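Here is a brief report on one protein model. It begins with a single residue and then widens to the strands around it.

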Amino acid sequence: MNIRPLHDRVVVRRMEEERTTAGGIVIPDSATEKPIQGEIIAVGKGKILDNGESRPLDVKVGDRVLFGKYSGTEVKLDGKEFLVMREEDIMGVIEG
């Protein structure tokens, strides 16, 4: 992938949601919601503060994160869909 996000932006690949219920019923694409977790693919250099300094981001490439349902901007690169969003749109990092 040839994209480098600027400042405090990150590129996220959505994680696929489970398409079957515990009882084995297959859920069609039209009935599933957009996944709200994903993996960080690329990060910017950091947030520019009021004094001109740069604060590094708290997330890194490879982190699994939670974000809002309508966060970010969807982009398509090399036939794959990604989200570009600001670090502040990320609600948390999934650990373990």
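In this predicted model, Asp 63 is buried, with a relative accessible area of 11%. The cut-off for that label is under 20%, so 11% qualifies. Asp 63 sits in the loop between strand 4 (54–55) and strand 5. A polar atom of the Asp 63 side chain lies 3.0 Å from the backbone nitrogen of Lys 60.

**The sheet**

Strand 5 belongs to an open sheet of six strands. The order is 6-7-1-2-5-8, and the pairing is antiparallel. Which strands stand at the edges? They are strand 6 (73–77) and strand 8 (90–94). Each has a single partner strand, so one side of each is left without a neighbour in the sheet. From one strand to the next, the twist averages 45 degrees. In general, strands of a sheet pair through backbone hydrogen bonds, either parallel or antiparallel.

**Strand pairs**

Three of the pairings are set out below.

| Strands | Sense | Bridges |
|---|---|---|
| Strand 2 (residues 37–43) and strand 5 (residues 64–67) | antiparallel | three bridges |
| Strand 1 (residues 9–14) and strand 7 (residues 80–86) | antiparallel | four bridges |
| Strand 6 and strand 7 | antiparallel | five bridges |

Individual residues mark the register of these pairs. Gly 38 has Val 65 in strand 5 as its bridge partner. Arg 9 stands opposite Arg 86, a residue of strand 7. The bridge partner of Val 75 is Phe 82, also in strand 7.

Strand 6 and strand 7 form a hairpin with two residues between the strands. What phi does Asp 78 take in this hairpin? Asp 78 has a positive phi, near 55 degrees.

**A nonpolar patch on the surface**

Which residues form the nonpolar patch on the surface? They are Ile 36, Leu 66 and Met 91. Together they have about 270 Å² of accessible area. Met 91 lies in strand 8, one of the two edge strands. Is Met 91 buried or exposed? Met 91 is exposed: its relative accessible area is 61%, and the label requires over 50%.

**Summary**

The sheet is open and antiparallel, with strand 6 and strand 8 at its edges. Asp 63 is buried in the loop that leads from strand 4 to strand 5. Met 91 is exposed and takes part in a nonpolar patch with Ile 36 and Leu 66.

Conventions: Residues are numbered from 1 along each chain as its sequence is written. This is a predicted model: local features need pLDDT of at least 70, side-chain atom pairs count only at pLDDT 80 or more; totals for chains, interfaces and linings use all residues. Side-chain values use heavy atoms; hydrogens and water are left out. Two strands pair if DSSP finds at least two bridges between them. Axes are lines fitted to C-alpha atoms, for helices over the stretch in contact, and angles run from 0 to 180 degrees between N-to-C directions. Patches are made of residues with over 30% relative accessible area and no salt bridge: like charges are joined within 9 Å, nonpolar side chains (Val, Leu, Ile, Met, Phe, Trp, Tyr) within 5 Å. Accessible areas come from the Shrake-Rupley method with a 1.4 Å probe; for residues, only the protein chains shown count as cover. A salt bridge is a side-chain nitrogen of Lys or Arg within 4 Å of a carboxyl oxygen of Asp or Glu. Buried means under 20% relative accessible area, exposed over 50%, partly exposed in between (1.4 Å probe, protein chains only). A polar contact is a pair of N or O atoms within 3.5 Å; within protein, one must be able to donate a hydrogen and the other to accept it, and residues adjacent in sequence count only if both atoms are side-chain atoms.
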